[in-house]
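Got the viewer open? Then follow along, one selection at a time.

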Amino acid sequence: MTRRHPTIAPVLESVPDGAILLDVRWSLDGSTGHATYLAGHLPGAVYVDLGTELAAPPSAAEGRHPLPAPEDFAASMRRAGLHDDSLVVAYDDTDGSQASRLVWMLRALGVEAALLDGGLRGVIGVELSVVDERPEPGTFTARAWDVEVVATPDEVASGHFLVIDARAPERYRGATEPIDPRAGHVPGALNVPFAGNVDGDGRFLPVDALRERFTAAGVDPEDEVIVYCGSGVTATHNLLALERAGLVGARLLPGSWSQWSADPTREVATGSAP
């Protein structure tokens with residue numbers, strides 16, 4: 001199947017008529033999830049679990065949140081009521097860094113999907129629903145994760161690509177590492193923390209400001225870019241920000257630092273970028 005490129009912008013300020021709304025609130029420590037959704041969500045929104053539906057089981061070889069097998073992901077999307085031609089808007093309740101995983105995954109498969117800018121916090125005057133939405137199953141078909149959208153550790157190590165680390169500066173420098181086997185970063189990677197893509201209200205910076213942010217960090221429009229984070233979740237926030245800024249074609253390293261740091265043959269750098 002030929003991969004289609006979405007025409008809708010990656011970030012929207014409102015939900016278009018006819019869109020399927022998906023709630024992707026989730027946290028690594030389990031404090032946010034389906035129970036949070038049941039306590040109140042945007043009317044009509046269907047819950048999607050990042051940990052079980054947007055990732056395969058963790059492993060040292062593939063990282064903490066590997067991309068799910070295509071058929072498993074398709075089954076989850078059918079459960080959420082999606083068809084191949086659906087228009088999808090996803091949200092969370094922080095800075096978009098959870099919902100961005102689903103939006104990127106769908107866009108990577110050619111689906112018209114976007115992130116709701118500002119998330120739940122940015123929606124004013126809407127009475128929340130406590131209905132556990134169970135839509136009629138959709139007909140979403142399985143498609144492979146294409147080499148156009150995902151990269152391998154060997155490609156990252158090749159030195160032929162511009163590599164961006166989306167984690168916080170202290171993790172990039174190796175000053176702390178609370179989760180993964182080794183501290184530090186991929187040698188030569190630039191540090192562009194995903195948290196800087198949004199303002200204090202959790203809304204994405206304007207297009208020009210995002211473009212300036214990435215170009216100031218050393219990203220050239222002609223660069224072939226690979227982005228990683230801790231486990232392939234928040235890196236997708238940078239991927240959407242790059243696309244919003246007009247810097248298209250960047251790819252995800254799905255296993256990210258959790259995969260790289262678990263492989264003793266991979267070199268690790270520490271300290272600030274040169």
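Select Ser256, which is found in helix H9 (residues 256-260). Helices here are DSSP runs of H or I with at least four residues, strands are E runs with at least two, and both are numbered from the N terminus. Ser256 has a positive phi of about 50° although it is not a glycine. Most residues other than glycine have a negative phi. Because its relative accessibility is 1%, Ser256 counts as buried. For this tour, buried means under 20% relative accessible area, exposed means over 50%, and partly exposed is in between (1.4 Å probe, protein chains only).

A word on what you are looking at: this is a predicted model, where local features need pLDDT of at least 70, side-chain atom pairs count only at pLDDT 80 or more, and totals for chains, interfaces and linings use all residues. Residues are numbered from 1 along each chain as its sequence is written, and side-chain values use heavy atoms, with hydrogens and water left out.

**Next stop: H4**

Now pick helix H4 (residues 99-108). How many of the residues of H4 are buried? The count is 10 of 10, so you can expect a helix that is mostly covered. Among those buried residues are Ala99, Leu102, Met105, Leu106 and Ala108. Step just past H4 and you reach Gly110, which takes a positive phi of about 90°.

**Add H8**

Keep H4 on screen and add helix H8 (residues 235-244). The two axes come within 8 Å and cross at roughly 60°. Axes are lines fitted to C-alpha atoms, for helices over the stretch in contact, and the angles run from 0 to 180 degrees between N-to-C directions. That crossing makes H4 oblique to H8. As for the labels, angles under 35 degrees are roughly parallel, over 145 roughly antiparallel, 65 to 115 roughly perpendicular, and the rest oblique.

H4 passes H8 in a left-handed crossing. Left-handed means the near helix is turned anticlockwise from the far one by less than a right angle; clockwise would be right-handed.

Show the side chains next. On the H4 side, select Ser100, Arg101, Val103, Trp104 and Arg107; they meet Thr236, His237, Leu239, Leu240 and Glu243 in H8. Contact means heavy atoms within 4.5 Å. The residues of this contact divide into four nonpolar, three polar and three charged. In that sorting, Ala, Val, Leu, Ile, Met, Phe, Trp, Tyr, Cys and Pro are nonpolar, Asp, Glu, Lys and Arg are charged, and the others, Gly among them, are polar.

**Swap H4 for H7**

Hide H4 and bring in helix H7 (residues 207-217), whose axis comes within 8 Å of that of H8 and crosses it at roughly 115°. H7 and H8 are therefore roughly perpendicular to each other. Their crossing is left-handed. From H7, Val207, Leu210, Arg213 and Phe214 make the contact, with Asn238, Ala241, Leu242 and Arg244 on the H8 side. By class, that is five nonpolar, one polar and two charged residues.

**Salt bridges**

Now for some charged pairs. A salt bridge here is a side-chain nitrogen of Lys or Arg within 4 Å of a carboxyl oxygen of Asp or Glu, and by this rule the count comes to 14.

Start with Asp84 and Arg143, whose closest N and O atoms are 2.9 Å apart. This pair links distant parts of the chain, 59 residues apart: Asp84 sits in the loop between helix H3 (70-79) and strand E4 (87-91), and Arg143 in the loop between strand E5 (112-116) and helix H5 (153-157). Buried or partly exposed, which is Asp84? At 24% relative accessibility, Asp84 counts as partly exposed, while Arg143, at 10%, counts as buried.

Jump to Asp165 and Arg167, a salt bridge with its closest N and O atoms 2.7 Å apart. Both of these residues are buried.

Then select Arg266 and Asp263, whose side chains meet in a salt bridge of 3.5 Å, N to O. Arg266 counts as buried at 17% relative accessibility, and Asp263 as partly exposed at 25%. Elsewhere, salt bridges that share partners join Arg64, Asp165, Arg167, Arg171, Glu177 and Asp180 into one network.

**Last stop: Gly81**

Finish at Gly81, found in the loop between H3 and E4. With a relative accessible area of 11%, Gly81 is buried. Leaving aside residues up to four places away in sequence, Gly81 touches Ile20, Ser86, Pro135, Glu136, Pro137 and Gly138.
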